[in-house]
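Subject: Structure handover and what was found in it

Dear colleague,

I am passing the structure on to you with this email, and below it you will find some notes on what turned up. Please keep the structure open beside the text as you read.

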Amino acid sequence: MTHAPPRRLQTLMQALQRLPGVGQRSAARMAYHLLQHDRDGALQLAQALQEAVQGMRHCVLCHTLAEEEVCPTCADPTRDASQLCVVETPADQAAIERTGAYRGRYFVLMGRLSPLDGVGPDDIGVRPLLQRLQATPPVREVIVATNFTAEGEATAHVVTQLASALGLHVTRLARGVPVGSELEYVDLGTIAHALADRR
């Protein structure tokens, strides 16, 4: 006869399973590690989570996570307010920022459309995006930078329709062959898109 873990340990494991990519075994391994070998780390993690949940909010302009009402990127007067790059998540925004190639503003949808999972336009930041597109200073170009997945493409379609209906110029991130890769190892879909999007 097997014995179930204590109730508090089960609760911790279930909480850890809410993280993306963490299954039952990984959650159990993390829980045992924290309780056996790193109780100080566990307390630090709990405090950091509590402070982040209580102290983080959505930027009123771009919808990303921020500590203040307006995030540092939106507050930066050197950013080009006429360009608005629409991304799915704060992690996508951070990836574009790391390139140093973009000096416009952002809008973070905080998700993507996924009809199979019951995620529609009202479940992500489509309404706040519409408000942002109609706000001052005016946006002239909307750069759609959603991921190249089925859900990302559906999201891009909705964003494009929304911006086009307002008479805004809409562009989409180019898809192509990664720098330094050899064609024989690149998947056929990427090669096809690179040919279609050639300059």
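Leaving aside its neighbours within four places in sequence, which residues is Pro138 in contact with? Please bear in mind, before the answer, that this is a predicted model. Pro138 sits in the loop that lies between helix H6 (126–133) and strand S5 (141–144), and, once neighbours within four places in sequence are set aside, Pro138 is in contact with Ala81 and Ser82. There is also a distance you can check on your screen: Pro138 and Leu168 are 30 residues apart along the chain, and their C-alpha atoms are separated by 9.8 Å.

Next comes helix H2. Helix H2 covers residues 24–37, and because each of its 14 residues should add 1.5 Å, a span of 20 Å is expected, which agrees with the 20 Å between its end C-alpha atoms. Within H2, the residues Ala27, Ala28, Ala31 and Leu34 are buried. These buried residues cover an arc of only 135 degrees around the axis, and therefore they lie on the same side of H2. On the other side of H2 you will find Arg25, Arg29, Gln36 and His37, which are exposed. Among what covers the buried residues of H2 are helix H1 (7–16) and helix H3 (39–55).

Those helices come up again with the pockets. The largest pocket has a volume of about 300 Å³, and the elements that give two or more residues to its lining are H1, H2 and H3. The largest share of that lining, 5 residues, comes from H3. Among the residues that line the largest pocket are Leu12, Met30, Leu34 and Leu49, so that Leu34, which is one of the buried residues of H2, appears in this lining as well. By class, the lining of the largest pocket consists of 12 nonpolar residues, with no polar and no charged ones.

The second largest pocket has a volume of about 240 Å³. It is lined by 13 residues, and of these Ala95, Ile96, Thr99, Ala145 and Leu173 lie nearest its centre. Strand S3 (80–87) and helix H5 (90–99) each supply at least two residues of the lining of the second largest pocket, and the largest share, 4 residues, comes from H5. The lining of this second pocket divides into 9 nonpolar, 3 polar and 1 charged residues.

With best wishes

Technical notes
Residues numbered from 1 in each chain as written. Predicted model: local features only at pLDDT ≥ 70, side-chain atom pairs only at ≥ 80, totals over all residues. Heavy atoms only, no water. Expected span 1.5 Å × (residues − 1). Buried < 20%, exposed > 50% of the residue type's maximum accessible area, 1.4 Å probe, protein only. Arc of directions from axis to C-beta. Contact = heavy atoms within 4.5 Å. 1 Å grid on protein atoms, 1.4 Å probe; cavity = no way out; pocket = protein on both sides within 12 Å on 5 of 7 lines; lining within 4 Å. Points joined across faces, edges and corners; volume = space filled by probe spheres on them. Nonpolar A, V, L, I, M, F, W, Y, C, P; charged D, E, K, R; others polar.
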